[in-house]
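Visitor: I'd like a close look at just one part of this protein, please. Could you walk me through a single helix and what sits around it?

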Amino acid sequence: MMEDKIIVLNQLKREDLFDTFYWKKQVGKRFVLQISKGLVAEASWFAHYKEDGNLQDFTIELSSMSKCPINCTFCGATSLDSTPKYLSAEQIFSQANFVLQDYLKKCNNKDEVLKKLFISFYGIGETSLIADTILKSIELIKNKYPTSHFNIATMGAKPNEFEKFASIPDLITLQLAIYHPLDSEAKKIFVGHKNYSIDTILLNLNKFMKKNTLARIRINYVLLDKFNDDTETLELLIKKLKNNQLDLSRIAIKLSYLNNTVTSIENKLERPANEKYDALKKFLEKKEINCYLFGTKENIFISCGQLISNCVDK
Ligand code: SF4
């Protein structure tokens with residue numbers, strides 16, 4: 001296979017403390033890469049360490065698009081020029097290879113890293129719009145790195161494609177972005193997706209969970225000040241999950257911190273106060289809903305879309 005010549009346009013490396021289920025420290029490096037002429041994407045590696053200092057996992061985060069048509073009002077990719085640009089399976093593979101080799105060339109625990117290798121499609125791009133490309137790129141990655149495990153993120157632009165994701169080998173997580181349980185409100189965030197329907201999404205999530213009984217489900221709920229950061233909205237979300245007979249023991253709600261991008265600032269979107277996160281987590285726990293906080297209290301400038309929006313011509 002001919003690989004594209006990748007050029008690094010920007011990069012940022014840093015170390016941060018987190019408090020997740022499985023790991024407490026992250027050492028990460030994010031790149032803005034020119035994959036081919038006119039096609040720019042963000043990709044990262046993250047080494048996650050447990051409390052005892054041992055490696056929990058080594059995660060590669062990939063983009064599947066350079067510009068995504070969903071145009072979420074806080075996404076860094078939304079500030080780029082107006083034509084959606086999708087990567088091919090080969091370009092996604094090249095990106096994975098590039099980022100992994102960047103780490104491996106300086107590491108002395110290569111075997112351990114490869115054993116704990118997670119490939120996350122959590123970067124720029126709505127995966128359900130190009131499900132076949134994602135599946136093909138996974139095949140290419142698995143051929144070269146057979147120990148890889150996979151995480152897929154989607155906001156459900158094409159919910160009937162979830163079924164395809166159910167057959168991904170070694171799929172660890174399906175992460176579904178839900179920012180509001182009411183379609184009319186959710187569309188204020190997903191401005192490029194006019195047909196958003198949470199009921200259709202949850203119906204297809206149910207089918208996915210029946211077909212793939214092992215993957216864990218994460219609902220990525222980015223808390224936005226005065227938009228979705230109240231108990232009534234979360235109560236409605238829980239009601240919708242229950243109405244769709246979803247197995248809640250496999251689902252966790254991830255209350256995520258918003259990281260500012262050029263677009264979120266332009267749209268005046270803000271995080272709620274830190275106390276809100278703790279209060280809403282307690283609220284969910286009281287309802288016996290699995291949940292956790294994700295992110296850092298300070299803006300760490302290494303989250304999806306933060307680097308690319310400052311570095312690419314608009
Ligand atoms: S947040 Fe995800 S779905 Fe939304 S515009 Fe960005 S890449 Fe697309």
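Which residues are exposed on the other side of H9, away from the buried ones?

Guide: Keep in mind that this is a predicted model. The exposed residues on that side of H9 are Glu275, Asp278, Lys282, Glu285 and Lys286. Now turn to the buried ones: in H9 these include Tyr277, Leu280 and Leu284. They cover an arc of only 75° around the axis, so they sit on the same side of H9.

What about the helix itself? H9 takes in residues 274–286, and its 13 residues should span 18 Å at 1.5 Å a residue; the end C-alpha atoms are 19 Å apart, so the two figures agree. Just after H9 comes Glu288, with a positive phi of about 60°.

Next, the cover over the buried residues of H9: it includes helix H7 (231–243), along with strands E11 (251–256) and E12 (290–294). Those two strands take us into an open sheet of 10 strands with mixed pairing, ordered E1-E2-E3-E4-E7-E8-E9-E10-E11-E12. E12 is an edge strand, and so is E1 (7–17): each pairs on one side only. From one strand to the next, the twist averages 20°.

Follow the sheet over to E1 and you'll find 10 bridges joining it to E2 (residues 25–36), with the two strands running antiparallel. As one example, Asn10 has Val32 of E2 as its bridge partner. Another helix, H1 (residues 89–104), lies across E2, E3 (39–49), E4 (55–61) and E7 (117–121), and runs at about 45° to E3.

Definitions and conventions: Residues numbered from 1 in each chain as written. Predicted model: local features only at pLDDT ≥ 70, side-chain atom pairs only at ≥ 80, totals over all residues. Helix = DSSP H or I, 4+ residues; strand = E, 2+ residues; numbered from the N terminus. Expected span 1.5 Å × (residues − 1). Buried ≥ 20, exposed ≤ 12 C-beta atoms within 10 Å, placed from the backbone. Arc of directions from axis to C-beta. Contact = placed C-beta atoms within 7 Å. Pairing = 2+ DSSP bridges. Axes fitted to C-alpha atoms, helices over the stretch in contact; angles between N-to-C directions.
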